[in-house]
Amino acid sequence: VFSLLGALLAAQGVWSDGVEIVVQEPRGVISVGADVTLQCLAPGIDLEQCKFQKYHKWMKMWLDFDTTTSFRCWFYNFNVSRVAGELLLEVKNVYRGHAGPYRCVCNGSDASTSPTLTIPLLYLDDVTILEPGSRFHHYMRSPPAIRVMRGKSVELQCSAMASHTPRYLWKKEGSDWIYPNATLRIEEISAEDAGTYTCTAIHPSISSLAHSRSVVVQVEREPLGPLQLGDLNLLLAVLLPAVAMLFVVVAVVGCVRRARRSKWKRMQQLDDEVVKTPIWKCASARSPATVSDSVPLVM
């Protein structure tokens, strides 16, 4: 009986002899966008003395989650409840940053702390298409169109970040062929090869979790110029922000230099002044700043 109970707990969370944290809902596969409920179990311990914690990898610290959770701007979809003797943490619309790790801490003691739990989240990001033969393939991802000279070869690489390595399928619009590979290479391209190609990435555990992206392959009869139109647009997209940033830097440097120059002029005027305001009433003349007054002032 105890072995069976331990196996059931291990299937949905982390089990230990004392405090434990488990996934209460959902049962089975958990994908991005699902609502997840974690439960803290602490036999023989008052749950009012327990709380959930999540490790923040950027802050490198454990954050407390209770009914008065801090950092609500980051974890607005987190909700802690204490109902019917249960301590629950509800995470709405879970995404990769919410996977964990989590733990349950009771009485503020390490001896009453559960092992960590990371939600077994399945995800699949958007598809990216690259053209390795392009000079700007490191900067230009998923171009809407690719121009290729007739008789040349073209290679397209499809990729997507996922919890498990996805399956890839290439299809051409208007054709019934399917190429099950991440890389599509067309040798000695002809006018018949022009068209719209779509790459689909499918998660191996959830067939309904899939993303696609298309690219138009244009076949040119004349040799392409040294700079393609797509590359020109890319250069403009890079140069215009760079020029704007340079203008801002020059403007800031100019303002700083102008302020320093104005301050230096004011200091020079003070140094060149050789007269000062008289210190006695009804005086019409000013005494030189270099002349000392040996007569005491009498009111």
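Is the disulfide of Cys158 and Cys199 left-handed or right-handed? Keep that in mind as you go through the close-up views below, which come from a predicted model.

**View 1. The disulfides of the chain.** Let's begin with an overview. A disulfide is a covalent bond between the sulfur atoms of two cysteines. This structure holds three disulfides. If you count the bonded cysteines along the chain, the pairing pattern reads 1-3, 2-4, 5-6. The next views take the pairs one by one.

**View 2. Cys40 joined to Cys104.** Look for the two sulfur atoms here: the S to S distance is 1.7 Å. The partners sit in distant parts of the chain, with Cys40 in strand 4 (residues 36-41) and Cys104 in strand 9 (residues 102-106), 64 residues apart. Now follow the twist about the S-S bond of Cys40 and Cys104: the torsion is about -70°, so this disulfide is left-handed. Neither end is out in the open, as both Cys40 and Cys104 are buried.

**View 3. Cys50 joined to Cys106.** In this disulfide the S to S distance is 2.0 Å. Cys50 belongs to strand 5 (residues 50-56) and Cys106 to strand 9, so the bond ties together parts that are 56 residues apart in sequence. Strand 9 may ring a bell, since Cys104 from View 2 lies in that strand too. What is the handedness here? The torsion about the S-S bond of Cys50 and Cys106 is about 110°, so the disulfide is right-handed. Cys50 has a relative accessible area of 2% and is therefore buried. For Cys106 the value is 0%, so this residue is buried as well.

**View 4. Cys158 joined to Cys199.** Here is the pair from the opening question. The sulfur atoms of Cys158 and Cys199 are 2.0 Å apart. The torsion about their S-S bond is about -95°, so the disulfide is left-handed. Once again distant parts of the chain are linked: Cys158 is found in strand 13 (residues 154-159) and Cys199 in strand 17 (residues 195-202), 41 residues apart. With a relative accessible area of 5%, Cys158 is buried. Cys199 is buried too, with a value of 0%.

**View 5. A look at Cys255.** To finish, here is one more cysteine. Is Cys255 buried or partly exposed? Its relative accessible area is 49%, and exposed means over 50%, so Cys255 counts as partly exposed. Try setting this view beside View 4, where Cys199 is buried at 0%.

Methods:
Residues are numbered from 1 along each chain as its sequence is written. This is a predicted model: local features need pLDDT of at least 70, side-chain atom pairs count only at pLDDT 80 or more; totals for chains, interfaces and linings use all residues. Side-chain values use heavy atoms; hydrogens and water are left out. A disulfide is a pair of cysteine sulfur atoms within 2.5 Å. Helices (H or I, at least four residues) and strands (E, at least two) are DSSP runs, numbered from the N terminus. Buried means under 20% relative accessible area, exposed over 50%, partly exposed in between (1.4 Å probe, protein chains only).
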